[in-house]
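User: I am a first-year student, and I would like to go through this structure with you step by step. Could we begin once the sequence and the model are in view?

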Amino acid sequence: MAEQGGGTGRIVVGVDGSEPSKQALRWAARQAALTGGVVEAVIAWEYPTFHGARGWFPPASTDETELAGKARREAARAVAEALGPQPPVEVRIEARYGSPAGALIDASRDASLLVVGSRGLGGFSGMLLGSVAQHCTRHASCPVLVYRD
């Protein structure tokens, strides 16, 4: 969506590699093409629960770099699968530390739109709306579109 003042809007999309997130990404790319916007594909990462199994200890900086890099590569693969090797619009990939909902809510600041799939990789498949989508609709700093196939 175009922002007032002639600039272009930033459309944030939650990406986790699931088919619903790829569908949300396709929708966001079409919207960005129509409005002259930019897509920011956001994936969240956290330390594995077994990190420091004998008691919590801070991870090595190489662990953080490796985990963030792995998340970024996963998001890049999902973008390529959804939009092809040459996306029709500018796509920026962001790997953010934290829970998926928290990362998306943070990314929604100063965004024109947040787009999420109705269901992601986790949770219960019978639910109509996943917990991340539900949390985003309540707490995002911009309008939220929940893409449902």
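Analyst: Before we start, one term is needed: contact means heavy atoms within 4.5 Å. Please keep in mind throughout that this is a predicted model.

User: Which elements do the buried residues of α3 pack against?

Analyst: In helix α3, which spans residues 100-107, the buried residues are Ala-101, Ala-103, Leu-104, Ile-105 and Ala-107. Following the contacts of these buried residues leads to four strands and a helix, namely β1, β2, β3 (91-97), β4 and α4 (131-139).

User: How many of the residues of strand β1 are buried?

Analyst: Strand β1 covers residues 10-14, and we can look at each of its two sides in turn. Arg-10, Val-12 and Gly-14 point one way, while Ile-11 and Val-13 point the other way, and all of them are buried. The strand is therefore mostly covered, because a residue counts as buried when its relative accessible area is under 20%, and the count for β1 is 5 of 5.

User: In which sense do β1 and β2 pair, and which residue of β2 is the bridge partner of Gly-14?

Analyst: Strand β2, residues 38-45, pairs with β1 over 5 bridges, and the sense is parallel. Within β2, the bridge partner of Gly-14 is Val-42.

User: What is the handedness of the crossover from β1 to β2?

Analyst: After β1 the chain passes through helix α1, residues 19-35, before it reaches β2. This path is a β-α-β crossover, and its handedness is right-handed.

User: Which residue of β4 stands opposite Ile-11?

Analyst: Strand β1 is also joined to β4, residues 113-117, by 3 bridges, and these two strands run parallel. In β4, the residue that stands opposite Ile-11 is Leu-113.

User: Is Ser-108 buried or exposed, and what is its relative accessible area?

Analyst: Ser-108 lies in the loop between α3 and β4. Leaving aside neighbours within four places in sequence, Ser-108 is in contact with Leu-114, Ala-140, Ser-141 and Cys-142. Ser-108 is buried, and its relative accessible area is 0%.

User: Why is Cys-136 not bonded to Cys-142, and how many disulfides does the structure hold?

Analyst: Both cysteines are buried, Cys-136 with a relative accessible area of 0% and Cys-142 with one of 10%. The sulfur of Cys-136 has its closest cysteine sulfur in Cys-142, but they are 9.1 Å apart, which is too far for a bond, because a disulfide needs the two sulfur atoms within 2.5 Å. The number of disulfides in the structure is 0.

Note on methods: Residues numbered from 1 in each chain as written. Predicted model: local features only at pLDDT ≥ 70, side-chain atom pairs only at ≥ 80, totals over all residues. Heavy atoms only, no water. Buried < 20%, exposed > 50% of the residue type's maximum accessible area, 1.4 Å probe, protein only. Pairing = 2+ DSSP bridges. Right-handed = clockwise from strand over helix to strand, strands pointing away.
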